[in-house]
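Reader: I'd like a close look at one buried spot in this fold and whatever surrounds it. Start from the contacts of a single side chain and work outwards, please.

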Amino acid sequence: MSLLYLAGLNGQCQSPVAQSATTTADPVFESLKYKFPTKKVTLSNGQSVAYVDEGKGAETIIFIHGLGSYLPAWEKNIESLKSNYRTIALDLPGYGKSSKENVQVSMDAYAKTVLELMDKLKLKKATLAGHSMGGQIAITAALQAPERVSKLILAAPAGLETFTDQQKQLFKMTVTPESVQKTTPEQTAANYKINFYNMPAEAQHMVEERLQIMKSEQFDDYSKAVAGSVAAMVDEPVHEKLSQLKMPTLIVFGENDALIPNRYFNSTLTPKAVAEIGKERIPNSQMVMIPEAGHFLQYEQPAAFNKAVQDFMKNSTK
């Protein structure tokens with residue numbers, strides 16, 4: 001599974017309050033294969049955040065993954081962009097090699113995690129790049145601390161669509177931690193496939209690793225994080241605040257995105273129409289549509305995505 005779970009169905013989970021956070025390293029999650037060396041920092045709440053830090057440059061890009069994903073979602077982009085930029089990607093708490101226990105799951109808390117990671121790395125400002133849920137987190141961080149976000153890169157971001165209260169409730173009633181735990185191998189494979197226009201063979205390892213982590217003693221905590229993350233997306237909307245974003249913003253969508261817009265609740269919209277919502281509401285923004293790309297566009301069409309990012313970074317000004 002990746003990113004807007006089950007084509008937009010949501011999870012019922014109250015965001016747990018962080019309490020006596022621990023940094024237990026689970027051998028199953030630790031065995032996940034990352035292309036770049038993984039580092040860790042301990043946050044003020046005691047939780048451990050895993051990240052990779054590659055390349056050098058005058059500007060830094062921090063990559064934030066989507067729902068049910070992890071930092072390897074950005075490996076194809078880091079590989080190219082690290083030639084010109086310092087590139088950092090993190091595992092959000094609850095995911096990948098970061099802490100799983102007693103994680104506070106909310107867009108606000110995840111945004112604060114990104115900003116505290118910047119503090120730990122002594123970064124005053126950075127460009128935030130977020131995919132799907134990560135896009136909504138990036139927006140939330142930019143609203144919290146606009147002086148620290150030089151630019152935004154939003155890859156098929158959550159938060160541009162709107163949902164009724166009834167639709168939000170249906171989300172929460174449908175996907176629970178229990179339903180995440182009960183996802184079959186066949187459904188897991190289908191959940192990944194729907195993220196792509198044409199799923200590349202190298203993405204299969206993500207399916208295999210998702211099945212692998214089901215054997216972890218911390219899979220229950222991971223499932224709570226996934227379900228809570230979806231609930232947080234609909235409970236902490238950013239749509240009405242988009243006009244407050246003044247930094248240069250790039251909005252990138254795959255033309256064949258099957259997850260955004262939500263095909264059940266917003267079936268009359270197209271990916272381009274959702275991108276245009278962002279472009280219209282965010283003052284200093286531009287949009288790029290990538291052909292033959294689904295929701296996981298930065299992984300499916302990395303060359304086109306990386307070019308869009310490079311052009312934006314070079315040409316955008318405040």
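Author: Let's begin with Met-118, which is in contact with Ile-62, Leu-123, Lys-124, Lys-125, Ala-126 and Arg-148, once neighbours within four places in sequence are set aside. Contact here is heavy atoms within 4.5 Å of each other. Before going on, bear in mind that this is a predicted model, where local features need pLDDT of at least 70 and side-chain atom pairs count only at pLDDT 80 or more, while totals for chains, interfaces and linings use all residues. Numbering runs from 1 along each chain as its sequence is written, and side-chain values use heavy atoms, with hydrogens and water left out.

Back to the residue itself. Met-118 sits in helix α4; helices are DSSP runs of H or I with at least four residues, strands are runs of E with at least two, and both are numbered from the N terminus. With a relative accessible area of 0%, Met-118 is buried. On this scale, buried is under 20% relative accessible area, exposed is over 50%, and partly exposed is in between, using a 1.4 Å probe and protein chains only. One of its partners, Arg-148, is 30 residues away in sequence, with the two C-alpha atoms 9.1 Å apart.

How does α4 sit against α5? The axis of α4 (residues 107–120) comes within 8 Å of the axis of α5 (residues 133–144), and they cross at roughly 70 degrees. That makes α4 roughly perpendicular to α5. For the geometry, axes are lines fitted to C-alpha atoms, for helices over the stretch in contact, and the angle between N-to-C directions runs from 0 to 180 degrees. Under 35 degrees counts as roughly parallel, over 145 as roughly antiparallel, 65 to 115 as roughly perpendicular, and the rest as oblique.

On the α4 side, the contact uses Met-107, Asp-108, Tyr-110, Ala-111, Lys-112, Val-114 and Leu-115. From α5 come Met-133, Gln-136, Ile-137, Thr-140, Ala-141 and Gln-144. Sorted by class, that contact has 8 nonpolar, 3 polar and 2 charged residues. The bins are Ala, Val, Leu, Ile, Met, Phe, Trp, Tyr, Cys and Pro as nonpolar, Asp, Glu, Lys and Arg as charged, and the others, Gly among them, as polar.

Now hop to strand β5 (residues 126–131), the home of Thr-127. Thr-127 counts as buried at 0% relative accessibility. Beyond four places in sequence, Thr-127 has contacts including Ile-62, Ser-150, Leu-152 and Met-313. Ile-62 is also on the contact list of Met-118. For a feel of scale, Thr-127 and Tyr-197 are 70 residues apart in sequence and 28 Å apart in space, C-alpha to C-alpha.

Strand β7 holds Ile-251, another residue that counts as buried at 0% relative accessibility. Ile-251 touches, among others, Leu-154, Ala-275, Lys-279 and Val-288. Lys-279 is 28 residues along the chain from Ile-251, yet their C-alpha atoms are separated by 7.3 Å.

The loop after β7 (249–254), running to α11 (271–281), contains Pro-261. A cis peptide bond joins Ile-260 to Pro-261, with omega about 5 degrees. Another backbone detail is just ahead of α4: Asn-102 lies in the loop between β4 (86–90) and α4, and has a positive phi of about 55 degrees although it is not a glycine. Asn-102 counts as partly exposed at 30% relative accessibility.

Elsewhere, 13 of the 17 residues of α10 are buried. Why is the length of α10 (residues 219–235) as expected? At 1.5 Å a residue its 17 residues should span 24 Å, and the end C-alpha atoms are 24 Å apart, so the two agree; the expected span is 1.5 Å times one less than the number of residues.

Zooming out, the chain has 13 helices and 8 strands. Its radius of gyration is 18 Å, close to the 20 Å the globule rule gives for 318 residues, so the chain is as compact as a globular protein of that length. That radius is taken over C-alpha atoms, and the rule is 2.2 Å times the number of residues to the power 0.38. Across the 318 residues, 58% count as buried. Of the contacts between residues at least 6 apart in sequence, 80% join residues at least 24 apart.
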